[in-house]
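Work through these exercises with the structure open. Each task is followed by a worked solution.

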Amino acid sequence: MEPQLIDYYNEMPSGINVIDKMNEELDDLQKKYNELKKKHTEYRKILMPKIRINTINGFKIYTEKIYNSVSIFKRIIYDLLNHEGWSLEYDGPVDFPWRWSS
C-alpha cells in the first residue's frame with residue numbers, strides 16, 4: 001500500500017489499521033478453530049462397540065436385530081429433523097426391501 005498524504009499527519013499510516021483489524025479477525029478465527037478441534041478430539045474418544053460372533057447363526061441373529069432397529073432409528077431421526085424445522089428432501093422413512101433368510 002502506498003503512503004498517502006494523510007499518513008504524514010497521523011501517528012500510524014492508514015494501512016496499519018487494516019492490518020490490525022485483519023489480525024484481530026485471524027485471532028478470532030483461530031480461537032474458534034481451536035474450540036472445534038478440542039470438541040473433535042473429545043468426540044473421537046468415543047469407541048464403537050465391538051461384537052464378537054463365533055457362528056453363522058450368531059451372525060444372522062445380530063443382523064436381524066440390527067435390521068429390526070433400523071426403522072426405529074430412521075423414525076427417530078426423521079421426527080427430530082421434522083420437529084427442528086429442517087427441510088427434508090425425502091417423503092419419510094422407508095424400510096429396506098431385503099431381509100436375511102432364516
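**Exercise 1.** Which residues form a nonpolar patch on the surface?

Solution. This is a predicted model. Look for nonpolar side chains with over 30% relative accessible area that lie within 5 Å. Ile51, Ile53, Phe59 and Tyr62 make up the patch. Together they offer about 340 Å² of accessible area. Next, place one member: Ile51 sits in the loop between helix 2 and helix 3 (56-83).

**Exercise 2.** Find what lies over the face of Tyr62.

Solution. Start from the ring centre of Tyr62 and look for a charge within 6 Å. Lys65 is there, at 5.2 Å, over the face of the ring. Then test for ring pairs, with centres within 6.5 Å. The count of aromatic pairs is 0.

**Exercise 3.** Describe the fold pattern and the burial of the protein.

Solution. Count the elements: 3 helices and 0 strands. In sequence order the pattern is α-α-α. Now check burial: 5% of the 102 residues are buried. The exposed surface is about 10,400 Å², with 59% of it from carbon and sulfur atoms.

**Exercise 4.** Which element has the lowest mean pLDDT, and which the highest?

Solution. Take the average first: pLDDT 76, with 70% of the residues at 70 or above. Helix 1 (residues 5-9) has the lowest mean, 67. Helix 2 (residues 14-44) has the highest, 86. Where pLDDT is low, predicted coordinates should not be read in detail.

Key: Residues numbered from 1 in each chain as written. Predicted model: local features only at pLDDT ≥ 70, side-chain atom pairs only at ≥ 80, totals over all residues. Heavy atoms only, no water. Phe/Tyr/Trp six-rings, centres within 6.5 Å; stacked < 30°, edge-to-face > 60°. Lys NZ or Arg CZ within 6 Å of the ring centre and 35° of its normal. Helix = DSSP H or I, 4+ residues; strand = E, 2+ residues; numbered from the N terminus. Buried < 20%, exposed > 50% of the residue type's maximum accessible area, 1.4 Å probe, protein only. Areas by Shrake-Rupley, 256 points an atom, 1.4 Å probe, with all protein chains shown as cover. pLDDT = per-residue confidence, 0-100. Patch = residues over 30% accessible without salt bridge, like charges linked within 9 Å, V, L, I, M, F, W, Y side chains within 5 Å. Salt bridge = Lys/Arg side-chain N within 4 Å of Asp/Glu carboxyl O.
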